[in-house]
Amino acid sequence: MTSGYHSGFIAHFSRDVLLHYRRRSDLARPLVFFIITSTLVPLGVVPEPATLATLAPGIIWIIALLATLLSIENLFAEDWQDGTLEQMLISPNLLVMPILGKVAAHWLMVGLPLTLISPLIAMMLYLPAEGLLPMLLSLALGTAALSLVGAVGAALTLPLQQGGMLLALLVMPLYTPILIFGSATVQSAIDGLVWSGTLATLTAVLALAIALCPLAIIGALRLSSEY
Amino acid sequence: MTSNRKWTWFHRLGSPRWFYHKTSQWLPWLSIVTGALLITGLVWGLAYAPEDARQGNSFRIIYLHVPASVLALAGYYVMAIAGAVGLIWKMKLAYIVMRAAAPLGAALTFIALFTGAVWGKPTWGTYWVWDARITSMLILLFLYLGVLALRNAYNSYEAANKSSAILSLVGTVNIPIIYKSVDWWQTLHQPATIKFTGAPSMHPDMFAPLLVMIVGFYSFYALVLILYSRAEVLQREQKSSWVRELVTDKRDRR
Amino acid sequence: MSAEPIITVESLAFERNHRLLLAPTDFSLETGEALHIQGSNGSGKTTLFRLLMGLLQPTQGEISFRGQSIAQCRHSYLSELLFVGHRAAIKETLTVEENLRWLSPNPLSPEQVRAALSQVELDNYADIPCRQLSAGQRRRVALARLINSKVKLWYLDEPLAALDKQGIAVVEQCMQSHLQVGGSIIFSSHQDLAQTATRNYNLTAEGSARD
């Protein structure tokens, strides 16, 4: 794009939201995955309220993490194949905002819906009531960080066939702090402790991700377009 | 393709051929120093250092465990910095060093975990415990494996190098965050842990051989890294004249 | 028209994995000129375009834009160029009009959209998702962005592929108007242009030769 017209966050954000919306049947997938996999927990462990309640914060977080991971794999694939990525890379303007717009659109259409149906899962797994608000807040912020870090992995594995498992392998270690702070927020609330500090730490991790991930993503995308 | 770069010291540093010949001179004495340090450290630590009050003789595994852990972590930074140099200055040698550092660091991380498990059994009765440091070390192993996996997934040598360099840099930023978060996580769940004997609280008689072992491991790391890099240099430059001369001549040129 | 060429390529070559993908190439492009890059498959045409766009770094040689290396004046260079390649950068799920608006560098008024669509003879297709178009129609959407373009440099990789005679005529028309206002074009094609004067340039595996 040759002018500032399309270089902004909003332009790319709204376009990607529109593109997600045009394939809205695909949007249900992460949500269904979330619900189905959560059902596996009582089936695989034990349907006892006390046990499930102890596991709930972590389990909900882990499954939300996996759902995000599965959905992020093809973030750049379509753009790469139809030549849109090429056009982005020959734009004279900085790519940071377009990339943030794209990942924000992914969060809006995947991460936020996951957050919004988490109360349903919380009910199924007997999450104590004190944990509900921290769960919503930590998932809302956490899935954004997960989308950002996952996008780095997606960009790095873009030219590879069957990059899915590899993507998970690369990104899981990087996800551990997000998971730790996210589920600890919920757990602290359930234990009756102050949880705002942990949530603040999660927010700080998100802020760091917003600042640094786009650089890694752009480097990886330029690399992918050379091959 | 010949390069017309000016021979500044920095760019000479990037020449694989220069590296190969320089390190041929260093290797003999580096090997001696490494051997001396490791043997001194091991003998001192395993045989002569006093027994630990609580753990008896089983604590002696730290003379392997701690240096391996230190180098596993330091090695990741070596790999990441080499990758950064390769990305910024497009230096072939930097990528070669990065490629050497990856399996070496992964192996050291594995040794650290294994020795940690060996230590765990007599100390806590289990091979595995979700201690902060061990867990961080496990995640570090996954970071290394990720870099190796990404590198192997690419068919193109250059693409593999660049992508694993980017991933290493991403991991570098994450490592302090991971360590801190795992540390914090662990304090949430186990407020009273048996701490691995931290350096300041260790008796100097126990600490001194540990220090020797740590320095010895650094030396060992440098030695193995250089050996590995040299092998990779020969492989990558196999078509060039100086390598052919070297291989057919059978004498190492000075 | 200024005497200095707008683009100069000197000893440009690209090597990867010990294979020479583009042999050392020299040429220059004047304002108001169309350069037709010819060569068999594998002679390096795609590589040349990627080097020209800055997506690849050359292993040797330099590309200059108005006398300056493109590495130095990246922003001004990329602001003045437009590339249409094999892959049309068309989104299937978006309509023709939506794609057109996105690919245009400037905001378009409804009249401009209608004018562009009628010029590529896709008048009634404004609200049709591009998934439903044929390859030739999609190419016309991709090339419709040439109509409202104000940039100086057009790089077109096989612009006439999948087009019928009418489509080719429209594209040639666009190219001619562009050249007349002082724009320049580098394009590759297996066919010659019927109505436009072009300078030909042959890429071969050993090196390049002027036609």
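Select β1(C) and β4(C) in this predicted model: the two strands pair in the antiparallel sense over 5 bridges. Within that pairing, pick Ala13(C); the residue bridged to Ala13(C) in β4(C) is Gln60(C).

**The sheet of chain C**

Now extend the selection to the whole sheet. Four strands of chain C make up an open sheet, ordered β2-β1-β4-β5, with antiparallel pairing. β2 and β5 (68–69) of chain C are the edge strands, each pairing on one side only.

Go to the β2 side. Strand β1 (residues 7–16) of chain C runs antiparallel to strand β2 (residues 19–29) of chain C, and 7 bridges join them. Show Leu12(C) to find Thr25(C) of β2(C) standing opposite. Then follow β1(C) to the turn: the hairpin of β1(C) and β2(C) has 2 residues between the strands, and Asn17(C) has a positive phi near 50 degrees.

Move across to the β5 side. Strand β4 (residues 60–65) of chain C is paired with β5(C) in the antiparallel sense by 2 bridges. Select Ser64(C), whose bridge partner in β5(C) is Ser69(C), and then Phe65(C), whose bridge partner in β5(C) is Gln68(C). These two strands, β4(C) and β5(C), also form a hairpin with 2 residues between them. In its turn, look at Arg66(C), where phi is positive at about 50 degrees.

With β4(C) and β5(C) still displayed, add helix α1 (residues 45–52) of chain C, which packs on the sheet and touches β1, β2 and β4 of chain C. The direction of α1(C) makes about 60 degrees with that of β2(C).

**Helix α5 of chain C**

Select residues 135–144 of chain C, which are helix α5. Is this helix enclosed by the rest of the structure, or is it open? Of its 10 residues, 8 are buried, so α5(C) is largely enclosed by the rest of the structure. The buried residues to highlight are Gln137(C), Arg138(C), Arg139(C), Arg140(C), Val141(C), Ala142(C), Leu143(C) and Ala144(C). To see what they pack against, show β6 (81–84), α3 (96–103), α4 (110–119) and α6 (165–180) of chain C.

**The two domains of chain C**

Colour chain C by its domain assignment: domain 1 is 1–80 + 152–211, and domain 2 is 90–150. Taken over C-alpha atoms, the centres of domain 1 and domain 2 of chain C are separated by 25 Å. Their contact involves 11 residues from domain 1 of chain C and 10 residues from domain 2 of chain C. On the domain 1 side of chain C, α6(C) gives the largest share, 5 residues. By class, that side comprises 8 nonpolar, 2 polar and 1 charged residues.

**Two helices of chain A**

Turn to chain A and select helix α6 (residues 96–124) together with helix α9 (residues 196–225). How do packed helices get described? Two numbers are used, the angle between the axes and the distance between them. The axes of α6(A) and α9(A) come within 10 Å and cross at roughly 105 degrees. An angle of 65 to 115 degrees counts as roughly perpendicular, and α6(A) and α9(A) are therefore roughly perpendicular to each other.

For the side chains at this crossing, show Val96(A), Ile99(A) and Leu100(A) of α6(A), which meet Ile210(A), Pro214(A), Ile217(A) and Ile218(A) of α9(A). The contact of α6(A) with α9(A) has 7 nonpolar residues, no polar and no charged ones.

Stay on helix α9 of chain A and pick Ala207(A). Is Ala207(A) buried or exposed? Ala207(A) has 12 C-beta neighbours inside 10 Å and so counts as exposed. Add Gly142(A): the two residues are 65 apart along the chain, and their C-alpha atoms are separated by 11 Å.

**Chain B and its side towards chain A**

Finally, select chain B, which has 8 helices and 0 strands. Of its 254 residues, 37% are buried. Among contacts in chain B between residues at least 6 apart in sequence, 78% join residues at least 24 apart.

Show chain A alongside: 24 residues of chain B are in contact with 21 residues of chain A. On the chain B side, α5 (132–153) and α6 (157–189) each supply at least two residues. The largest share, 14 residues, comes from α6(B). Coloured by class, the side of chain B that touches chain A shows 18 nonpolar, 5 polar and 1 charged residues.

Terms used:
Residues are numbered from 1 along each chain as its sequence is written. Chains are lettered from A and ligands numbered from 1 in the order in which they are written. This is a predicted model: local features need pLDDT of at least 70, side-chain atom pairs count only at pLDDT 80 or more; totals for chains, interfaces and linings use all residues. A residue is buried if 20 or more other C-beta atoms lie within 10 Å of its own, exposed if 12 or fewer, and partly exposed in between; C-beta atoms are placed from the backbone. Two residues are in contact if their C-beta atoms, placed from the backbone, lie within 7 Å. Two strands pair if DSSP finds at least two bridges between them. Ala, Val, Leu, Ile, Met, Phe, Trp, Tyr, Cys and Pro count as nonpolar, Asp, Glu, Lys and Arg as charged, and the others, Gly among them, as polar. Domain bounds come from an automatic or database domain assignment. Axes are lines fitted to C-alpha atoms, for helices over the stretch in contact, and angles run from 0 to 180 degrees between N-to-C directions. Angles under 35 degrees count as roughly parallel, over 145 as roughly antiparallel, 65 to 115 as roughly perpendicular and the rest as oblique.
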